[in-house]
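Please open the model in your viewer and keep the selection panel at hand. The stops below go from one chain to an interface and then to a core.

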Amino acid sequence: MGEKGPGQDIIVNVSGLAKHFGEIHAVDKVDMQIFQGEILAIVGSNGAGKTTLLKMISGGQSIDRGNLFFESSDVSRLGLIQRARLGIIYSFQIPALFENLSALDCLRMALFTREHKTVMFFPTIEKFPLVRKEAEEILDMFKIPKDFPACLLPHGQRKLLDVAMAFALKPRLLLLDEPTSGVSTKEKGQVMDTIMPIIRQTNTTTVIVEHDMEIVTRYSDRVIVMDQGRVLAQGTPQEVLSNPKVGEVLLWR
Amino acid sequence: MPRRFNFFLMIGLLILATGPAYFPGFTIYLLTYGMIMSIAALALNLLLGYTGLMSFGHGMFIGAGAYTVALMMKYVGVHSFEILIPLSILISAGLAALVGCFCTRQIEIYFAMLTLAFGELLFVLCSKFYGFTGGTDGIRVKMPTLFGYVFRGSVDFYYFVFSLFLLCALAIWVICNSPFGKTIQAVRDNALRVGYLGLLVMKYRLIAFIISGAFTGLAGVLVVSLTGHAVPELFQVFTSISIVFMVILGGHTSFLGPVVGAIVFVFLQSWLKPLFFWQFFLGVSIILLVIFLPGGVLGGVSIWVRKALAKISS
């Protein structure tokens, strides 16, 4: 899995990013880079600002101060929808699915969005065999049964479907918010073993927010440790793990 | 399941297609009215069942369609369906676009209340501009012609409505199952996620509202042609609520539920009307319905049928 990190093209450049809710500084003057094709993990204890940072990059959360450059253009003032159109796609911690639609239709919906076909009033969706084929291929890759409504899928598959919908948009930057949260320890490995090879194969630049250091060391190229809204340390998983400051923060695990 | 469903659909269509041969005149009239309201109910369900928006103002589109016909006849002297139908569809769509710009920013109860308010607004305007609209007296409307053809009996008109009904039902069905249709269902299920996929949710709500308004406007044209009288009450909340009632009665979770609801409603209304306080029974029936048949008539019946079949086969 070749060394990734500085030296490659920078896809995202964040400087002085800040967000506060009242007195609480959720994200406090964060500087970071994301490199083309890498898998970057953001770790930290609860309330360290990981999810807020991820949402600020996606546009789901507004930026109080600081700048966000995506592919060398300033996107700090762009909204969620515009950033999604540029290819910054966020996948939810708590699966946000279209509950009454089948998994296949959830996927097709994402594909129609990508193909700019959502304002087509005819023909019916069955008349798009290529979209159906691609949706089925993605579902196969993610090992999700296609015909059940999303609300009937077990939790692990709901998480996968959420990621699959984001993945179907062919993101330039994929933001995964705790893809294994709420999944049993046994299933965590399965979920990650399903997602990660797909991301590697397609060389998708990905940011993962994660609690579990074991998963982080196994699947990511680079780690950023956050504590109380700030970047505490960053580097390869081994570098970060051997950092004594990081030990203190993550010791409770 | 789909095969059994098609069987019932075929029987229903057969009855509608051959009805005039054996039904008495009044039943034909009610069926005509039922099919017209079916168009409105299907259109409302595009919004209610598929987009997840409750409109209490769809009467305004019935009124818009009806008054387009009435005013065009009175002031311009246009008497033909081929002009009146496209024109009133355009006007209803325009009205929906205008009202929708305000309403679709809101959701749920706020959306419902705003649509209600716009409907009442138009009702008041229509009843107060006596000189132009005839006020509460309304305007008499003659049956329009179709490419010069004069509708002589109720059966002629019945088949005209029947074919428009089929056309509209098919069109709405295609829209509901198109990429756009899936998108509005996605909006209904999780608007937040639709935003994260990169779509502007409001745009889809607005388009759904416009489509829904346009079809309801067409129903307005047919209503006024059938009853021969455009009155301001068409804009009013009772018309809107009747359409909502039809959708709930038939079941908003299935595509054809609103059609069943509309036809059942029209017959129920005509049976109950001789009673002095018929609206009381209407109220009771909706209470019973919500408690015992939350999926509507079609939903409930299909469950019964399934249970009965399961019993037979076991």
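Select chain B and display its contacts (two residues are in contact if their C-beta atoms, placed from the backbone, lie within 7 Å): among those between residues at least 6 apart in sequence, 78% join residues at least 24 apart. This is a predicted model, in which local features need pLDDT of at least 70 and side-chain atom pairs count only at pLDDT 80 or more, while totals for chains, interfaces and linings use all residues. Residues are numbered from 1 along each chain as its sequence is written, and chains are lettered from A and ligands numbered from 1 in the order in which they are written.

Colour chain B by pLDDT, the predictor's confidence in each residue from 0 to 100; its mean is 91, and 98% of the residues reach 70 or more. For the model, ipTM is 0.91 and pTM is 0.92.

Switch next to a cartoon of chain B, which shows 14 helices and 2 strands (DSSP runs of H or I with at least four residues, and of E with at least two). Its radius of gyration, taken over C-alpha atoms, is 19 Å, close to the 20 Å that the globule rule gives for 314 residues, so chain B is as compact as a globular protein of that length; the rule is 2.2 Å times the number of residues to the power 0.38.

Now select the side of chain A that touches chain B, where 28 residues of chain A are in contact with 20 residues of chain B. The largest share of that side, 6 residues, comes from α3(A).

Finally, centre on A:C106, whose contacts beyond four places in sequence include A:L97, A:F98 and A:M165.
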